[in-house]
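This report considers the packing of the protein interior and the empty space left within and around it. The structure under discussion follows.

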Amino acid sequence: MNLETYYEYCLSKKGVSEHFPFDEDTLVFKVGGKMFALSSLSQWEKNEPSVNLKCDPERAQELRAEYDEIKPGYHMSKVHWNTIALNGNLSTSFIKELIDHSYDLVFKSLTKKIQNEIIELEN
């Protein structure tokens, strides 16, 4: 997956916005004001792209055991976040599935009011 595909896919999700809350290097995608994906732009430039994605704790353990490219979240809660190296053998469709899972977890954690506001948005 390249940066443009990652960027466009994350922004295509309903109610998503992009931010740089930490510095001008760390691109963060949020839904309902909560992070679901983040990545260092300088790592992309170094050809060492990775993304941090939220994950169900049990599934996170299974993914880490199965894929060398998936590690505990860098600078994040290692229970709920994975860091996924994108220059390995993971397919774009699988990475999109992981992005979807992260988005869905965060979306479901939002209040019903915020969920309904997002559902009613036109994308």
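The lining of the largest pocket in this predicted model comprises nine polar, four nonpolar and one charged residues. Of its 14 lining residues, Thr26, Ser40, Asn52, Tyr74 and His75 lie nearest the pocket centre. Two or more lining residues come from each of β3, α2 (41-45) and β4, and β3 gives the most, with three residues.

One cavity of 30 Å³ or more is counted. Its walls are formed by Leu53, Lys54, Cys55, Leu63, Asn82, Ile84, Leu98 and His101. The elements β4, β6 (81-85) and α4 each give two or more residues to this lining.

The two spaces are set side by side below.

| Space | Volume | Lining by class |
|---|---|---|
| Largest pocket | about 310 Å³ | four nonpolar, nine polar, one charged |
| Largest cavity | about 40 Å³ | five nonpolar, two polar, one charged |

Which residues have the most contacts inside the largest nonpolar core? They are Tyr6, Phe29, Val31, Phe36, Ile84 and Ile99, within a core of 29 residues. The elements giving two or more residues to this core are α1 (3-12), β2 (26-31), β3 (34-40), β4 (50-54), α3 (57-66) and α4 (92-109). The largest share, seven residues, comes from α4.

Ile99 illustrates this packing through residues distant in sequence: leaving aside residues up to four places away, Ile99 touches Met1, Tyr6, Tyr9, Cys10, Phe36 and Leu53. Ile84, listed among the core residues with the most contacts, also lines the largest cavity.

Definitions and conventions
Residues are numbered from 1 along each chain as its sequence is written. This is a predicted model: local features need pLDDT of at least 70, side-chain atom pairs count only at pLDDT 80 or more; totals for chains, interfaces and linings use all residues. Side-chain values use heavy atoms; hydrogens and water are left out. A nonpolar core is a set of buried Ala, Val, Leu, Ile, Met, Phe, Trp, Tyr and Cys residues joined through side-chain atoms within 4.5 Å. Buried means under 20% relative accessible area, exposed over 50%, partly exposed in between (1.4 Å probe, protein chains only). Helices (H or I, at least four residues) and strands (E, at least two) are DSSP runs, numbered from the N terminus. Contact means heavy atoms within 4.5 Å. On a 1 Å grid over the protein atoms alone, a cavity is a set of points where a 1.4 Å probe fits but cannot get out, and a pocket is an open set with protein on both sides within 12 Å along at least five of seven lines; lining residues have an atom within 4 Å of a point. Grid points are joined across faces, edges and corners, and a volume is the space filled by probe spheres set on the points. Ala, Val, Leu, Ile, Met, Phe, Trp, Tyr, Cys and Pro count as nonpolar, Asp, Glu, Lys and Arg as charged, and the others, Gly among them, as polar.
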